[in-house]
Amino acid sequence: MEVGRRFVLRSASATGAFAALLAAGLLRPAQALAATWNKVAFGAKNPADALKGIGATSTAESKEVQLDLPQIAENGAVVPIEVSSKVPGTTSIAVIIEKNPFPLVAQFEFMEGALPYVKLNAKVGESSAVRAVADAGGKFYSASKEVKVTIGGCGG
Amino acid sequence: MPGPMKIRATAEAGYTEIRVLMSHPMETGLRKGPDGKLVPAHFIQNITVKVGGKTVVEGQISQAISRNPVFAFRVKGGNKGDKVEISWVDNKGEHNQTETAVA
Amino acid sequence: MRRVSSRALLAGAALGVAASLVHADDTKQEIQKYQRMTAESSPVELWEMEGADLWKQKRGPNNVSLERCDLGMGPGVLKGAYAHLPRYFKDTGRVQDLESRLVTCMTTLQGFSEQEATKRVFGNADKPSDMEYLAAYVAGRSRGVKMQVSTNDPKEKAAYEMGKALFFYRAGPWDFSCASCHGTEGKRIRMQELPVLSSPKGARGTYTTWPGYRVSVSQLKTMQWRLNDCFRQQRFPEPKYVSDATIALTMYMAVNANGATYRGPGTKR
Amino acid sequence: MTKTSIYLCLGALAAALAAAQSAQADPSPMEVRALLHKDFHAKGQATMSRVDQDDLQFLCTVTHNKPSAKRVKEMEADQHATIAYPADGKYMGDWTKGQKIAESGAGMTWSDKPGTPGGGGCYNCHQLSPKEESYGTVGPSLTAMGKKRGDGLEVQKYVYGKIYNSKASNLCSQMPRFGTSGSLTEEQIKDLTAYLLDPASPVNQ
């Protein structure tokens, strides 16, 4: 088990280190990276627009999309969400929290032997439906589950 | 300022489980600081996972990912000793990366 | 007629009770699932990593690391040290918990004044404290070790007894003791089933997962912080950091947890 | 609240001695108090006098919340005498305000601003509105209280008094004495009474 270290920006030679990273092929140029962040989809303020933003104009409910999360969250700051897709040819998975101010939380593309699987922690502002959307050859399949965010603790 | 980062990659039956921990504030831009002003948005936007030099996962994420993000991914096959590299870039252009070998 | 209707009513009531019980069970199960899933995907190890760095770093007026710090198992021995704390230390003549002993090492080895060593012990999400990093690192080195806190020394025994008395001492505007929230089996405060820390079952489950990462504040919290915030909510004045009173309470809970395997640093709501 | 007094010393000394004899290693509440004075400091509105027990707190501590029937009777009468019923004879206020007070667990801590209205933290221990799922179970469920008991004047007075000083009817209850301790105002207690009894309140839906 290797241990990662904070680096680059903590050092004075940030630019040099960045260049080295680029040379090593670990990072692509910042502009290119910025371009790969789907501003339209992530900026959407409702689930329908978010889906449109990732190209999912229509989705079919599917049991092949497996979504696991606790139905009750003691704290909305962290809601663990696990998604996997058994739809053949799945190339990406997106997670949408319908009642969040910006519903689209993440989209992952899988290639070179990566299984269509991801586990993440998301902030959930209020009790909401959580939707997972799998893209298989331009067709979109989805599953959803409710999560209830509760008030915890004795404090104010 | 990027804090520490950690990857754990374990060979399971038929696949490799990759788990990554990142230090990052993941500020939404919607939260008020102690001074009553909105704290500017500051969050990771892109994540890249490479195994044996090949990109296997490309992720785009929003400010709704929890502070100090943790992700798990799975890759078919994989052998002990294979190199796993993960890097991220946030909306301010800050970035970090680390690597490990499959155990 | 009357009898029939009352029986029907009773049956209805019984059904209602059964339904709410099933519901309560589901709720409990889902909360347990939440706790399991957040623990599985917790960033808490990052605190241990930073703590490991800090432990080895040369710091303070003496420019030395903490690597020769004696946490009770001999200088520099970390494995299992936390599972044996609090304990009596001859050199200071005190029963000390982890944080108290770390202050001792920072002052005696690194040359910090006590004031410097305790200036900022509770951090925040943007800037955790050195103490939080160090506590996470040291506690983590007892993972898998059975809790074995001694009360053989008369001072250890006295600390345990004082801790117990403190636990049940009711005072303040709301008449609370520790036991007000942590004294009745199977009761919830809001959604939380709070552990009964006076019983081995409750203490074992809880003590062995502190210090812990709190997802609500994205921070690792230490046992001294936990006690501090309990006293705040108990409507008491503030306990002094690593005071005899807080160490006595820690001793009480740690001894109650004896025999359980330490599994922290844990993850909390 | 009356603080530790000569009355306490006379009344409870016997109990303290008995407790001390039964388990020799047990530190007495006096020793605990001395340690608290050494190891705590005042912060915000939480003054050091808060670690001093009044006679009730002392008795409940030394008897593990099980005082003798005789002492219970005497002291419950004392506690009852602390209840100040509203001069206007009205016990019910605004249930909508009462709901907010019931939901809030703030108040009286060193981090609360002195003088700002606190809450009753009712949901910490009780089920009230059936719609609120995040409720505690330390105290009994109060759901549909008004429906079950009605909202007659006697019931109103009972509920008002219970919130004002729960110890008047259950000496070592875990529930704070919200009125006696000055944690909630008369108006707030009226609002809570309405929250429990008003037919329009969610508690009774």
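Student: How many residues of domain 1 of chain C are in contact with domain 2 of chain C, and what counts as contact?

Tutor: Contact means heavy atoms within 4.5 Å, and by that rule six residues of domain 1 of chain C touch four residues of domain 2 of chain C. This is a predicted model, in which local features need pLDDT of at least 70 and side-chain atom pairs count only at pLDDT 80 or more, while totals for chains, interfaces and linings use all residues. Residues are numbered from 1 along each chain as its sequence is written, chains are lettered from A and ligands numbered from 1 in the order in which they are written, and side-chain values use heavy atoms, with hydrogens and water left out.

Student: Where do the two domains of chain C begin and end?

Tutor: The bounds, taken from an automatic or database domain assignment, are 1-41 for domain 1 and 44-268 for domain 2 of chain C, and the C-alpha centres of these two domains are 38 Å apart.

Student: What area do domain 1 and domain 2 of chain C bury between them?

Tutor: The size of an interface is often given as the accessible area lost when the parts come together. With a 1.4 Å probe and the loss summed over both parts, the two domains of chain C bury about 400 Å², 62% of it on carbon and sulfur atoms.

Student: Which residues form the salt bridge between these domains?

Tutor: A salt bridge requires a side-chain nitrogen of Lys or Arg within 4 Å of a carboxyl oxygen of Asp or Glu; K28(C) and E193(C) form one, with their closest N and O atoms 3.8 Å apart.

Student: What area is buried between chain A and chain B, and how many residues are in contact there?

Tutor: About 4,100 Å² is buried between chain A and chain B, with carbon and sulfur atoms giving 58%, and 47 residues of chain A are in contact with 49 residues of chain B. The rule finds one salt bridge across this interface: E112(A) with K54(B), whose closest N and O atoms are 3.9 Å apart.

Student: Which elements of chain A give two or more residues to the side that touches chain B?

Tutor: They are α1 (14-23), β4 (79-85), β6 (104-110) and β7 (114-122) of chain A, where helices (H or I, at least four residues) and strands (E, at least two) are DSSP runs numbered from the N terminus. The largest share, eight residues, comes from β7(A).

Student: How many bridges join β6(A) to β4 of chain B?

Tutor: Strands pair if DSSP finds at least two bridges between them; here five bridges join β6(A) to β4(B), residues 54-61, and the strands run antiparallel. In this pairing F110(A) stands opposite V57(B).
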